Amino acid sequence: MARLHDIVFDCAHPASAARFWAAALDGYAVAPYDDAELARLRSLGIHSTEDDPTVLVEPAGAGPRLWFQLVPERKRVKNRVHLDLRAPDPETEIRRLTALGATVRDRHADNVVLADPEGNEFCLS
């Protein structure tokens, strides 16, 4: 039976999207680059991790990884799948997330719809 391994985000700039989500989620961090990965990127003509077309964000413990991959097309429509986040103090968390670059899209009685800097919607309750 299949198990969830990665949640993949198509994006215009994987490095900045990965940093946003690593900062947004408790216990997540951008995966460190080792010498072998830096050499692989250089072999592709990529000399800065800012230009990495695929960036991994890993949890400190159990949980799915977040994978950010470069795609040429822009986001055009509402997400068909989104992440739902929970926080003990939603208003404080909204302020923190918007300081990181999120935008508030809509408010409902039981949750708030936000978008990450790339326009991917997510909910906070």
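**An open sheet and a buried aspartate**

Author: In this predicted model, 4 strands form an open sheet with mixed pairing, in the order 1-4-3-2. Residues are numbered from 1 along each chain as its sequence is written, and side-chain values use heavy atoms, without hydrogens and water. Local features need pLDDT of at least 70, side-chain atom pairs count only at pLDDT 80 or more, and totals for chains, interfaces and linings use all residues.

Reader: Why are strand 1 and strand 2 said to stand at the edges?

Author: Strand 1 (6–11) and strand 2 (28–30) each have a single partner strand, so one side of each has no neighbour in the sheet. Strands here are DSSP runs (E, at least two residues), numbered from the N terminus.

Reader: What makes strand 1 and strand 4 a pair?

Author: Two strands pair if DSSP finds at least two bridges between them. Strand 1 and strand 4 (residues 65–70) have 6 bridges, in the parallel sense, so they count as paired. In strand 4, Arg65 is the bridge partner of Asp6.

Reader: Why is Asp116 said to have no salt bridge?

Author: A salt bridge needs a side-chain nitrogen of Lys or Arg within 4 Å of a carboxyl oxygen of Asp or Glu. For Asp116, the nearest side chain of opposite charge is Arg105, 7.2 Å away, so the cut-off is not met. Asp116 is nevertheless buried (under 20% relative accessible area, 1.4 Å probe, protein chains only).

Reader: Which backbone nitrogen does the side chain of Asp116 reach?

Author: That of Glu118, at 2.8 Å. Asp116 lies in the loop between strand 7 (112–115) and strand 8 (121–124).

Terms used: Buried < 20%, exposed > 50% of the residue type's maximum accessible area, 1.4 Å probe, protein only. Lys, Arg positive; Asp, Glu negative; His and termini not counted. Polar contact = N/O pair within 3.5 Å; in protein donor to acceptor, adjacent residues only side chain to side chain.
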